[in-house]
Amino acid sequence: MRKLIKARFFDVVNYTAKAHQVTANIDWYDGDPSVNNDAKLAAIVRDESSKFATVYEQEQRLGSDDFACYQEKIPGVYANIGNGEKNQCT
C-alpha cells in the first residue's frame, strides 16, 4: 500500500507540474514501517490480559511507530494499556 501511495503521489505532482509547464522536485521520506502484530502473540497477550483486566479490541487502523522496526526483525505485539471505561479511552 505504501508503494502505491508513493507512486500515485509522484504521478499527481508530476502531471500537475507538466500541465503547468514546470518541473517538480519531491523529497520523499518513507517514515517508519507499519506496525504488524504477530497473530499468535496477540492472542497470548489478549488471553493473559483477560485474566486480570477487561480487554477491548481496538479497530484496526494504519499506524506506524519505531516499534515496527523491531517487528521487522522479530515477531512482536504492540498493545495499548489504559484505565477506566472503554468510552474514556481514545
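Let me start with Asp47, which is partly exposed, with a relative accessible area of 40%, and which meets Arg46 through their side chains in a salt bridge of 3.6 Å, N to O. Its partner Arg46 is likewise partly exposed, at a relative accessible area of 36%. I should say at once that what we are looking at is a predicted model, and that these values are therefore to be taken as properties of that model.

A search of the whole structure finds 3 salt bridges, and I would like to go through the other pairs in turn. Lys51 forms a salt bridge with Glu48, where the closest N and O atoms are 3.0 Å apart. On the one side of this pair, Lys51 counts as exposed, at 63% relative accessibility, whereas on the other side Glu48 counts as partly exposed, at 41%.

The remaining pair is Asp30 and Lys6, whose side chains meet in a salt bridge of 3.9 Å, N to O. What does this pair tie together? Asp30 lies in the loop between H1 and H2 while Lys6 belongs to helix H1, so the pair ties together parts that are 24 residues apart in sequence. Lys6 itself counts as partly exposed, with a relative accessibility of 29%.

That same loop, between helix H1 (2–19) and helix H2 (39–49), is also the place of Trp28, which counts as partly exposed at 31% relative accessibility. Trp28 contributes to a nonpolar surface patch of about 510 Å², and the other residues that make this patch are Met1, Leu4, Ile5 and Phe9.

Turning to helix H1 itself, we can ask how the distance between its end C-alpha atoms compares with the expected span. At 1.5 Å a residue, the 18 residues of H1 should span 26 Å, and the end C-alpha atoms are indeed 26 Å apart, which agrees; the expected value rests on 1.5 Å times one less than the number of residues. After H1 comes Gln21, a residue whose phi is positive, near 55 degrees.

Now to helix H3, which covers residues 67–71 and in which Gln71 is found. Is Gln71 buried or exposed? With a relative accessible area of 13%, Gln71 is buried, given that the cut-off for buried is under 20%. If we leave aside the neighbours within four places in sequence, Gln71 is in contact with Val35, Asn36 and Asn37, and also with Gly76, Val77 and Tyr78.

Let me finish with the chain as a whole, in which there are 3 helices and 0 strands, the elements running α-α-α from the N terminus on. Why do we call this chain more spread out than a compact globule? Its radius of gyration is 20 Å, well over the 12 Å that the globule rule gives for 90 residues, so the chain is more spread out than a compact globule. Taken along the principal axes, the C-alpha atoms fill a box of roughly 65 × 35 × 15 Å.

Of the 90 residues of the chain, 6% count as buried, and the accessible surface comes to about 8400 Å², with 52% of it belonging to carbon and sulfur atoms. As for the contacts with a separation of 6 or more, 66% of them in this chain are accounted for by residues 24 or more positions apart.

Key. Residues numbered from 1 in each chain as written. Predicted model: local features only at pLDDT ≥ 70, side-chain atom pairs only at ≥ 80, totals over all residues. Heavy atoms only, no water. Patch = residues over 30% accessible without salt bridge, like charges linked within 9 Å, V, L, I, M, F, W, Y side chains within 5 Å. Areas by Shrake-Rupley, 256 points an atom, 1.4 Å probe, with all protein chains shown as cover. Salt bridge = Lys/Arg side-chain N within 4 Å of Asp/Glu carboxyl O. Helix = DSSP H or I, 4+ residues; strand = E, 2+ residues; numbered from the N terminus. Buried < 20%, exposed > 50% of the residue type's maximum accessible area, 1.4 Å probe, protein only. Rg over C-alpha atoms; globule rule 2.2 N^0.38 Å. Contact = heavy atoms within 4.5 Å.
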